Amino acid sequence: MADVTSEGAVQAAPLIRIEELHRDFVMGDQVVHAVNGITTEAAAGEFLAVMGPSGSGKSTLLYLIGGLDRPTGGEIWVNGREIVRLDENELAAYRRREIGFIFQSYFLVPTMTALQNVQFPMIFAQVPAAEREPRAQQLLTQVGLEDRMNHRPTELSGGQQQRVAIARALANDPKIILADEPTGNLDTESGAVIMDLLAQLNREEGRTIVIVSHDPSITVYATRTLHLLDGRLRGGTEAGSRAAVAPRQDELRESTR
Ligand code: ADP
Ligand code: MG
């Protein structure tokens, strides 16, 4: 999957590649073209911000990439695999192993403590029981919640709940993190904590991040920004404020095999 350029440098294939992607919703006699012919790609180690107003197709695009929804046309290649062709079991495994999701409204299980919420995805990934709790503790410590492990969501602030959601997204060590308006319900200060955490996961752990938002202030964290309107990408891409990080070594090995 690697191209060797004339200079002899090895160029890794993009981690995510989208070709002429469409998602139509039929509503009675109306068709909504939520995603209307998007072609783009993201390299491993990028922090991509997709900006657009409400209704421009941001969530739909993110759910398609994450295998939570199926396109009505086009292709989505992730790590060299066309995920549209995966069957339901393969798609579930893809979501579990390769993707970490973060949503605007956290979606924590209200009856579970922070520690239990973070362990939850590990159960489905068949992580041995003895490994789950120490790993969840380590992840909650990483997001600064070592003193909130036994709190339930209602006993946590919005910003703390979103940090639990980030720890949960990391449970199965995904290479790709998809975030849908992760700061949308938060005050500026708590939102900045969340964005700093995501930037850290990108910079220090080499995770590839795609965040969709209508909030322009998130673009300072991104290595590149795309603009979405009416289901289409507009104009060129902007370089972000930060340079992309080097991909993780295991990703490089995989993409140059
Ligand atoms: P954004 O996240 O940018 O606000 P969405 O991706 O949620 O936009 O929605 C894009 C368009 O698709 C909107 O017009 C929305 O009403 C429509 N849409 C999204 N999901 C559905 C659905 N499940 N059924 C019908 N229409 C939908
Ligand atoms: Mg949305």
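How many bridges join strand 3 to strand 4? Let's work through that and three further exercises on this predicted model.

Residues are numbered from 1 along each chain as its sequence is written, while chains are lettered from A and ligands numbered from 1 in the order in which they are written. Because the model is predicted, local features need pLDDT of at least 70 and side-chain atom pairs count only at pLDDT 80 or more, whereas totals for chains, interfaces and linings use all residues.

**Exercise 1. Describe the pairing of strands 3 and 4, and the sheet around them.**

Step 1. Helices (H or I, at least four residues) and strands (E, at least two) are DSSP runs, numbered from the N terminus. Two strands pair if DSSP finds at least two bridges between them.

Step 2. Strands 3 and 4 run antiparallel and are joined by 10 bridges. Val26 stands opposite Val31 in strand 4.

Step 3. Now widen the view: an open sheet of four strands has the order 4-3-6-7, with antiparallel pairing. Its edge strands, strand 4 and strand 7 (81-82), each pair on one side only.

**Exercise 2. Find what surrounds ligand 1.**

Step 1. Use this criterion: a residue is near a molecule if its C-beta atom, placed from the backbone, lies within 6 Å of it.

Step 2. The residues around ligand 1 include Phe25, Met27, Val32, Gly57, Lys58 and Thr60.

Step 3. Strand 3 (16-27), strand 4 (30-42) and helix 1 (58-65) each supply at least two residues of this shell. Helix 1 gives the largest share, three residues.

Step 4. Sort by class: four residues are nonpolar (Ala, Val, Leu, Ile, Met, Phe, Trp, Tyr, Cys and Pro), seven polar (the others, Gly among them) and one charged (Asp, Glu, Lys and Arg).

**Exercise 3. Is strand 10 (residues 208-213) mostly buried or exposed?**

Step 1. A residue is buried if 20 or more other C-beta atoms lie within 10 Å of its own, exposed if 12 or fewer, and partly exposed in between, with C-beta atoms placed from the backbone.

Step 2. Six of the six residues of strand 10 are buried. Thr208, Val210 and Val212 point one way, and Ile209, Ile211 and Ser213 the other way.

**Exercise 4. Identify the neighbours of strand 10.**

Step 1. Strand 5 (residues 47-51) pairs with strand 10 in the parallel sense over five bridges, and Phe47 stands opposite Ile209.

Step 2. Strand 9 (residues 176-180) also runs parallel to strand 10, joined by five bridges; here Asp180 has Val212 as its bridge partner.
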